[in-house]
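Q: Please take a close look at one part of this model, beginning with a single residue and its contacts. Then relate that part to the chain around it and to the partner chain.

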Amino acid sequence: MNETDLHFFIDSTLNYFDEVTNSKAATGIPYIKDEAPVVLEYTGIIGISGKRKGSVYITTTEEMLKEIAHIILGAKEVKREDIKDLVGEVANTISGNVRQAYGSDFMISVPVVVEGKAKDIKLPDNIQSFVIPINWHDHKSFLVVCLE
Amino acid sequence: MKDKVKVMIVDDSLIIREAIHKHLKNFNIEVVGQAEDGKVALEIFRQTDPDVVTLDITMPELDGLTVLEEMLKIKKDVKVMVITALSDKATGLKAIKLGAKSFLPKPFTPEKLRSSFERLIAQN
């Protein structure tokens, strides 16, 4: 992975927040993931195959997902299933949109959702992973990109 | 008054199905079915005979493009709007070539969904 790859994912992430919430998110400086776990309350994971191989995941808080779900549904009460589903949909959309840069042989899986603070998310050992911090309103989340 | 347009919503995401339903409710439509995977989508399609389908691509069991081809074999004049995160041009062109009448990349705003839907149902 190089700087250009990271920019594709940053642009896709910023576009997601812009379009869905009509308010801007900001990304922090990406860093190489070490052994320290990067896991918050809800995580949506996408497997990548085809031209590039690896995984992409977004991990975030219940509060952030609730706020986005409120915007999407315009409802006061948001169901737990909506929150859980939403983190998978965010991961799917951010990963799917980078096909504009990589082309259609960048294949994405359906999302897998992890609820609760897991020890860590298993990524391929032999590929370097990058963490992109995301700030939106007062919420913090992380996009982790691990691509061959 | 014209008959209601029968709509089916296919997406593996619950919140997207709910959002599509909500944002289209002001049209003269009846949502006759919803499905979260391609296999179930085809079963419900056969049972409910919708006029319009909103269809995701990346789904369990059967992908949306395969579902699109199957739906058109069953009902050649069904109007299918593909709504997908696979927003690259090649995927859009493939969907249209296979017979989709509209292609809307995710993420979408309610306004974009409604204007795409309006154009779709106005098509002959």
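A: **A close view from the core outwards**

Leaving aside neighbours within four places in sequence, Met81(B) is in contact with Val52(B), Thr54(B), Leu55(B), Ala100(B), Lys101(B), Ser102(B), Leu104(B), Ser116(B), Phe117(B) and Leu120(B). The model is a predicted one, and what follows should be read accordingly. The largest nonpolar core has 66 residues, and Met81(B) is one of the four that touch the most other members. The others in that group are Ala91(A), Leu55(B) and Val82(B); Leu55(B) is also among the contacts of Met81(B).

The strands in this region can be taken next. Strand S4 of chain B, residues 79-84, pairs with S5(B) in the parallel sense, and 4 bridges link the two. Within that pairing, Val82(B) has Phe103(B) in S5(B) as its bridge partner. To pass from S4(B) to S5(B), the chain goes through H4(B), and the resulting β-α-β crossover is right-handed. Strand S5 of chain B, residues 102-105, is covered on both faces. Ser102(B) and Leu104(B) are buried on one side, and Phe103(B) and Pro105(B) are buried on the other. Of these, Ser102(B) and Leu104(B) are in contact with Met81(B).

Beyond S5(B) comes a loop that leads to helix H5 (110-122) of chain B, and Pro107(B) is found there. The peptide bond from Lys106(B) to Pro107(B) is cis, with omega near -5 degrees. Most residues other than glycine have a negative phi, and most peptide bonds are trans. Two further loops of chain B hold exceptions in phi. Asp49(B), in the loop between helix H2 (38-48) and strand S3 (52-55) of chain B, has a positive phi of about 50 degrees although it is not a glycine. Glu61(B), in the loop between S3 and helix H3 (64-74) of chain B, has a positive phi near 70 degrees and is likewise a residue other than glycine. Burial is assigned from 20 or more other C-beta atoms within 10 Å and exposure from 12 or fewer. With 13 such atoms, Asp49(B) is therefore partly exposed; the count of 16 places Glu61(B) in the partly exposed class as well.

The whole of chain B gives these details their setting. Its secondary structure comes to 5 helices and 5 strands, which run β-α-β-α-β-α-β-α-β-α from the N terminus on. Chain B is as compact as a globular protein of its length, because its radius of gyration of 13 Å is close to the 14 Å that the globule rule gives for 124 residues. Along the principal axes, the C-alpha trace spans about 40 × 30 × 30 Å. Buried residues account for 44% of chain B. Among contacts in chain B with a separation of 6 or more, 59% link residues 24 or more positions apart.

Chain B also meets chain A: 21 residues of chain B are in contact with 23 residues of chain A. On the chain B side, helix H1 (14-24) and helix H4 (89-98) are the elements that give two or more residues. H1(B) supplies the largest share, 6 residues. By type, this side of chain B divides into 10 nonpolar, 6 polar and 5 charged residues. The helix H4(B) thus has two roles in this account, because it contributes to the side that touches chain A and lies on the crossover between S4(B) and S5(B).

Chain A, the partner, holds 4 helices and 8 strands, in the order α-β-β-β-β-α-α-α-β-β-β-β along the sequence. Buried residues make up 37% of its 148 residues. Its strand S8, residues 139-147, is largely enclosed by the rest of the structure, since 7 of its 9 residues are buried. Strand S8(A) pairs with two strands. Strand S4 of chain A, residues 54-60, is antiparallel to S8(A) over 6 bridges, with Gly54(A) opposite Leu147(A). Strand S7 of chain A, residues 129-136, also runs antiparallel to S8(A), joined by 8 bridges, and Trp136(A) stands opposite His139(A). The hairpin of S7(A) and S8(A) has 2 residues between the strands, and His137(A) takes a positive phi near 50 degrees there.

How values were computed: Residues numbered from 1 in each chain as written. Chains lettered and ligands numbered in written order. Predicted model: local features only at pLDDT ≥ 70, side-chain atom pairs only at ≥ 80, totals over all residues. Pairing = 2+ DSSP bridges. Contact = placed C-beta atoms within 7 Å. Nonpolar A, V, L, I, M, F, W, Y, C, P; charged D, E, K, R; others polar. Right-handed = clockwise from strand over helix to strand, strands pointing away. Core = buried A, V, L, I, M, F, W, Y, C linked by C-beta atoms within 7 Å. Rg over C-alpha atoms; globule rule 2.2 N^0.38 Å.
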